[in-house]
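Here are my notes for anyone opening this one for the first time. Have the viewer at hand and go through the points in order.

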Amino acid sequence: MSESATSGVREMTVESAFAGMRSVAPVVFKAGCPDCRGRFELAASALRLAIGASSRTTFYSFTCPECGAAVRKPAGERIVELLTGGGVRTLRLHSTL
């Protein structure tokens, strides 16, 4: 790493930032099914997030791995933050007004 004489800020390369990193554990989310009451963990690829114009139109969905039910649950700000940060595919819903 080098240090800039004018700003005192150290420069970092991508290689040095990730040096020694071997693998990243996959992100999993705990979820539950309201139909069969099953509790399980889902990979980010098993979830979908839809972000609407309001809290009523923002939700996440998945298929229950135990009973096959389609599950849709509301997603507040914190849930949206966790799901997007964990790599869940996101669909932004737009108003037709």
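1. Let's start with the overall layout. The protein has two helices and eight strands, and from the N terminus on they run β-β-α-β-β-β-β-β-α-β. Keep in mind that this is a predicted model.

2. Next, some whole-protein numbers. Of the 97 residues, 26% are buried. The accessible surface is about 7,500 Å², and carbon and sulfur atoms hold 54% of that. If you take the contacts with a separation of 6 or more, 43% of them are between residues 24 or more positions apart.

3. Now to the hairpin. Strand β3 (residues 28–32) and β4 run antiparallel and are joined by five bridges. One pairing you can look up is Gly-32, whose bridge partner in β4 is Arg-39. Six residues lie between the two strands of this hairpin.

4. Have a look at Arg-37 while you are there. This residue is in the loop between β3 and β4, and its phi is near 65 degrees, a positive value in a residue other than glycine. As background, most residues other than glycine have a negative phi. Is Arg-37 buried or exposed? With a relative accessible area of 69%, Arg-37 is exposed, because the cut-off for that is over 50%.

5. Strand β4 has two faces worth colouring separately. Side chains alternate along the strand: Phe-40 and Leu-42 point to one face and are buried. Arg-39, Glu-41 and Ala-43 point to the other face and are not buried.

6. Phe-40 leads us to the aromatic residues. How many aromatic pairs does the structure hold? There are two. In one of them, the ring centres of Phe-40 and Phe-62 are 5.9 Å apart and the planes are at 75 degrees, so this pair is edge-to-face. The cut-off behind that label is an angle over 60 degrees. Phe-40 belongs to strand β4 (residues 39–43) and Phe-62 to strand β6 (residues 59–63), so to speak a link between distant parts of the chain, 22 residues apart. Both Phe-40 and Phe-62 are buried.

7. The other pair brings in Tyr-60. The rings of Tyr-60 and Phe-62 have centres 6.3 Å apart with planes at 20 degrees, so here the pair is stacked. Phe-62 has a relative accessible area of 4%, while Tyr-60 has 15% relative accessibility and counts as buried too. Taken together, Phe-40, Tyr-60 and Phe-62 form one aromatic cluster.

8. There is also a charge to check against a ring. The charged end of Arg-72 sits over the ring of Phe-59, and the distance to the ring centre is 3.6 Å.

9. Now for β5 and its partners. β5 and β6 pair in the antiparallel sense over three bridges, with Ser-61 in β6 as the bridge partner of Arg-48. β5 is also joined to strand β8 (residues 89–92), this time in parallel, through four bridges. In that pairing, Ala-50 stands opposite Leu-91 in β8.

10. The loop between β5 (48–51) and β6 holds Thr-58. This residue is buried, with a relative accessible area of 8%. A polar atom of the Thr-58 side chain lies 2.9 Å from the backbone oxygen of Ser-54. Which residues are in contact with Thr-58, leaving aside neighbours within four places in sequence? They are Ala-50, Ile-51, Gly-52, Pro-74, Ala-75 and Val-80.

11. Thr-57 lies in the loop between β5 and β6 as well. At 32% relative accessibility, Thr-57 counts as partly exposed. Not counting residues up to four places away in sequence, Thr-57 touches Ala-50, Ile-51, Gly-52 and Leu-93. Also try the C-alpha atoms of Thr-57 and Pro-74: they are separated by 8.0 Å, with the two residues 17 apart along the chain.

Key: Residues are numbered from 1 along each chain as its sequence is written. This is a predicted model: local features need pLDDT of at least 70, side-chain atom pairs count only at pLDDT 80 or more; totals for chains, interfaces and linings use all residues. Side-chain values use heavy atoms; hydrogens and water are left out. Rings of Phe, Tyr and Trp (its six-membered ring) pair if their centres lie within 6.5 Å; planes under 30 degrees apart count as stacked, over 60 as edge-to-face and the rest as tilted. Buried means under 20% relative accessible area, exposed over 50%, partly exposed in between (1.4 Å probe, protein chains only). A charge sits over a ring if NZ of Lys or CZ of Arg is within 6 Å of the ring centre and within 35 degrees of the ring normal. Contact means heavy atoms within 4.5 Å. Accessible areas come from the Shrake-Rupley method with a 1.4 Å probe; for residues, only the protein chains shown count as cover. Two strands pair if DSSP finds at least two bridges between them. A polar contact is a pair of N or O atoms within 3.5 Å; within protein, one must be able to donate a hydrogen and the other to accept it, and residues adjacent in sequence count only if both atoms are side-chain atoms.
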